[in-house]
Amino acid sequence: MSKELITVVTVCFNAGQTIAKTMQSVLNQTYRPLEYILVDGKSTDNTLNIIYANQQLAF
(Lines give C-alpha, C1' and ligand atoms only; values in the text may rest on other atoms or scores of the structure.)
Protein backbone atom coordinates (compact mmCIF):
# COMPACT_ATOMS: atom_id res chain seq x y z
CA MET A 1 0.00 0.00 0.00
CA SER A 2 1.52 3.33 -1.04
CA LYS A 3 1.40 6.41 1.13
CA GLU A 4 -0.40 9.58 0.11
CA LEU A 5 1.66 12.49 -1.19
CA ILE A 6 1.81 15.36 1.27
CA THR A 7 2.38 18.85 -0.12
CA VAL A 8 3.80 21.61 2.06
CA VAL A 9 3.59 25.16 0.72
CA THR A 10 5.60 28.04 2.16
CA VAL A 11 4.73 31.55 1.01
CA CYS A 12 7.26 34.19 1.97
CA PHE A 13 8.24 37.82 1.50
CA ASN A 14 11.49 39.28 2.83
CA ALA A 15 12.01 36.22 5.03
CA GLY A 16 15.80 36.23 4.87
CA GLN A 17 16.18 35.81 8.61
CA THR A 18 13.90 32.77 8.86
CA ILE A 19 13.60 31.02 5.49
CA ALA A 20 16.61 28.68 5.89
CA LYS A 21 15.29 27.41 9.22
CA THR A 22 11.81 27.00 7.72
CA MET A 23 13.15 25.04 4.75
CA GLN A 24 15.26 22.82 7.00
CA SER A 25 12.28 22.11 9.23
CA VAL A 26 10.13 21.00 6.30
CA LEU A 27 12.88 18.90 4.73
CA ASN A 28 13.67 17.21 8.06
CA GLN A 29 10.21 15.67 8.17
CA THR A 30 10.36 11.89 7.95
CA TYR A 31 7.09 11.33 6.13
CA ARG A 32 7.54 10.45 2.47
CA PRO A 33 6.47 11.11 -0.23
CA LEU A 34 6.73 14.83 0.45
CA GLU A 35 6.40 17.66 -2.05
CA TYR A 36 7.70 21.08 -1.02
CA ILE A 37 6.60 24.21 -2.86
CA LEU A 38 8.15 27.54 -1.93
CA VAL A 39 6.55 30.72 -3.27
CA ASP A 40 8.32 34.05 -2.91
CA GLY A 41 6.47 37.36 -3.22
CA LYS A 42 9.29 39.30 -4.94
CA SER A 43 11.44 39.68 -1.84
CA THR A 44 13.89 42.55 -1.85
CA ASP A 45 16.18 41.21 0.87
CA ASN A 46 18.40 38.11 0.66
CA THR A 47 15.53 35.59 0.75
CA LEU A 48 16.00 34.36 -2.83
CA ASN A 49 19.77 33.95 -2.40
CA ILE A 50 19.17 31.81 0.67
CA ILE A 51 16.54 29.72 -1.11
CA TYR A 52 18.84 29.11 -4.07
CA ALA A 53 21.78 28.32 -1.79
CA ASN A 54 19.72 25.75 0.10
CA GLN A 55 17.76 24.19 -2.74
CA GLN A 56 20.16 21.24 -2.96
CA LEU A 57 18.83 20.11 0.41
CA ALA A 58 15.68 18.95 -1.36
CA PHE A 59 17.47 16.63 -3.78
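In which hand, left or right, does α1 pass α2 at their crossing? Keep that in mind while we walk through this predicted model.

**Stop 1: helix α2**

Select residues 47-54, which form helix α2. Colour Thr47, Ile50 and Ile51, and you will have picked out buried residues of this helix. Thr47, Ile50 and Ile51 cover an arc of only 100° around the axis, which puts them on the same side of α2. A general point helps here: an α-helix has 3.6 residues a turn, so residues three or four places apart point the same way. Now turn the view to the other side of α2, where Asn49 and Tyr52 are exposed.

What do the buried residues of α2 pack against? Show β1 (6-12), α1 (19-27) and β2 (34-40), and you have their partners on screen.

**Stop 2: where the two helices meet**

Keep α2 visible and add α1. The pair packs at an angle of about 35°, and the two axes are 9 Å apart. Here is the reply to the opening question: α1 passes α2 in a right-handed crossing. By class, the contact between these helices has 5 nonpolar and 2 polar residues, with no charged ones.

To see who takes part, show side chains for Ile19, Ala20 and Met23 on the α1 side. In α2 they meet Thr47, Ile50, Ile51 and Asn54. Thr47, Ile50 and Ile51 are familiar from the first stop, as the buried residues of α2.

**Stop 3: Phe13 in its loop**

Next, select Phe13, in the loop between β1 and α1. Which residues does Phe13 contact, leaving aside its neighbours within four places in sequence? They are Asp40, Gly41, Lys42 and Ser43. Try a distance from the C-alpha atom of Phe13 to that of Thr44: these residues are 31 apart along the chain, yet the two atoms are separated by 8.1 Å.

**Stop 4: Ser43 in the other loop**

Finish at Ser43, which sits in the loop between β2 and α2. Is Ser43 buried or exposed? Ser43 counts as buried because buried means under 20% relative accessible area, and the value for Ser43 is 13%.

Now show its polar partners. The side chain of Ser43 has a polar atom 2.6 Å from the backbone nitrogen of Asn14. Ser43 and Asp40 are also joined through their side chains, by a polar contact of 2.5 Å. Not counting residues up to four places away in sequence, Ser43 touches Cys12, Phe13, Asn14 and Ala15. Phe13 takes you back to the previous stop, in the loop between β1 and α1.

Note on methods: Residues numbered from 1 in each chain as written. Predicted model: local features only at pLDDT ≥ 70, side-chain atom pairs only at ≥ 80, totals over all residues. Heavy atoms only, no water. Buried < 20%, exposed > 50% of the residue type's maximum accessible area, 1.4 Å probe, protein only. Helix = DSSP H or I, 4+ residues; strand = E, 2+ residues; numbered from the N terminus. Arc of directions from axis to C-beta. Contact = heavy atoms within 4.5 Å. Axes fitted to C-alpha atoms, helices over the stretch in contact; angles between N-to-C directions. Left-handed = near helix turned anticlockwise from the far one by under 90°. Nonpolar A, V, L, I, M, F, W, Y, C, P; charged D, E, K, R; others polar. Polar contact = N/O pair within 3.5 Å; in protein donor to acceptor, adjacent residues only side chain to side chain.
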